[in-house]
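Reader: I have a model open on my screen and would like to learn how to read its sheet. Could you walk me through it?

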Amino acid sequence: MRPTPLMRFLLAVPLALALAATAAPAQALTPAGGVQPADPPAVTAERACAPASPAAADAPTTALTTPDGTVAEVPSDLRGPCLALIRTDLPPLRRLQPDTAPPGLGARDLQAAYNLPRNGGGERTVAIVVAFDDRTAESDLAVYREQYHLPPCTTANGCFRKINQNGGSTPPPTTDPGWVVEAATDLASVSATCPDCHILLVEADDELLRNEIHAVGQAFQQNATFISMSFGAPEFPNQTIIDSFFNHRGIAFVASSGDNGYPNPTWPAASQYVTAAGGTSLHRVRPPFPPFNRPGWSESAWVGAGSGCSLFEPKPAWQHDPGCANRTIADVSAVADPGTGVAVYFTDPTDGAGWHVIGGTSVAAPLIAGMYAVAGTPGANDFAASYPYAHPRAFNDITTGSNGSCGGSYLCTALPGYDGPTGLGTPHGVRGLRR
């Protein structure tokens with residue numbers, strides 16, 4: 001359920017303080033042609049969905065049967081809320097004037113920043129797993145794609161399909177405003193990075209983790225090769241059993257690393273079989289370009305990006321960082337800072353339609369999933385999560401920023417090479433996401 005006004009206030013205050021520290025600074029050209037930073041703009045954001053809490057030790061459980069037939073007991077009330085953050089200092093833009101662009105990074109910006117083609121995907125299917133029903137998902141997606149001159153993706157032309165967690169066409173009975181934000185964000189992000197992809201929207205009945213994982217299983221049954229999961233729950237002891245939902249070679253599972261900084265890893269991003277998408281602040285840069293940044297863009301670790309050393313997950317064979325004996329989060333990253341967020345169009349069930357600026361690692365996961373699809377179908381015997389580690393030079397190494405206090409360790413500090421908040425970095429093209 002979406003936060004009450006009091007919950008929103010309590011959530012927005014710490015976010016506002018954190019975001020103000022990482023907002024893109026306003027820029028003013030000096031007479032000499034250099035760049036003189038001005039005071040950063042005030043940035044505030046709120047969570048689209050109320051955050052999850054760890055399940056109590058004596059919480060009632062529900063039996064969940066995994067694909068290999070194992071039965072795992074999952075806390076019945078453990079939720080996997082969405083991880084989208086919506087800018088509140090920018091009112092929704094209801095209508096665009098001629099020759100104007102929505103606020104936030106658009107599809108062309110993202111393609112330029114990550115060196116992506118303006119077409120690609122070869123009609124491969126990316127599945128997006130959400131909760132509740134987004135009744136205007138297809139029509140809102142049409143507005144986004146028309147704005148950025150992307151090919152139509154509709155039910156009629158076979159590009160877009162929406163199903164429930166059981167594979168049927170009857171939608172969940174409930175619509176949740178926060179999850180409308182999430183669904184629209186995911187659809188826009190996949191569209192931006194993989195314009196020619198087909199999109200399968202799988203809607204779980206609600207945000208109980210057991211239903212969301214059931215929806216992930218449905219995406220797999222529908223033969224989706226790329227599956228994006230922009231939700232997360234605190235780690236729990238039985239998660240390694242449920243990991244078998246992701247223990248499939250030839251499938252790219254991507255999940256948001258979380259928006260609570262270090263040391264707060266979330267599951268399913270913590271799964272050893274999943275690519276955990278961390279977060280960055282992505283800034284446009286005016287000449288002269290600083291050293292070691294690609295022309296026109298600069299990135300740093302976002303303060304909210306989830307990272308850390310998993311409590312339960314073993315380290316996958318492709319990870320070799322020395323400071324964590326277990327699985328380390330994240331693997332790769334993309335923009336997630338609401339202060340440098342992406343443009344998304346959606347219809348709020350109570351407030352109407354408009355353009356908004358969205359952040360959170362909810363953005364990073366579908367961006368990366370779309371890039372995997374552009375890279376091509378994973379090898380039938382491969383774990384797609386291993387690919388980035390075989391090609392570390394195919395990523396923009398992020399070396400500034402932090403998401404917590406860890407004594408300067410790589411677990412919460414962006415440093416040369418691998419680090420927790422940004423993983424191996426952000427994709428420079430898609431070479432790092434294929435064999």
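Author: Happy to! Start with the general idea: two strands pair if DSSP finds at least two bridges between them. In this predicted model, four strands build an open sheet in the order β3-β6-β20-β19, with antiparallel pairing.

Reader: Which strands stand at the edges of the sheet?

Author: They are β3 (45-47) and β19 (342-348). Each has a single partner strand, so one of its sides is left without a neighbour in the sheet. From one strand to the next, the twist averages 45°.

Reader: How many bridges join β6 to β20?

Author: Two bridges link β6 (residues 85-87) with β20 (residues 352-359), and these strands run antiparallel. For a pair of residues to look at, find isoleucine 86, which stands opposite isoleucine 358 in β20.

Reader: Which helices lie across β19 and β20?

Author: Look for α3 (residues 137-147), which lies across β19 and β20 and runs at about 150° to β19. Helix α4 (residues 177-193) also lies across β19 and β20, at about 135° to β19.

Reader: Back to β3, please. Is glutamate 46 buried or exposed?

Author: Here the cut-off helps: buried means under 20% relative accessible area. Glutamate 46, found in strand β3, has 11% relative accessibility, so this residue counts as buried.

Reader: And how far apart are glutamate 46 and proline 338 in sequence and in space?

Author: In sequence, 292 residues separate glutamate 46 from proline 338, while in space they are 9.6 Å apart, C-alpha to C-alpha.

Methods
Residues are numbered from 1 along each chain as its sequence is written. This is a predicted model: local features need pLDDT of at least 70, side-chain atom pairs count only at pLDDT 80 or more; totals for chains, interfaces and linings use all residues. Side-chain values use heavy atoms; hydrogens and water are left out. Axes are lines fitted to C-alpha atoms, for helices over the stretch in contact, and angles run from 0 to 180 degrees between N-to-C directions. Contact means heavy atoms within 4.5 Å. Buried means under 20% relative accessible area, exposed over 50%, partly exposed in between (1.4 Å probe, protein chains only).
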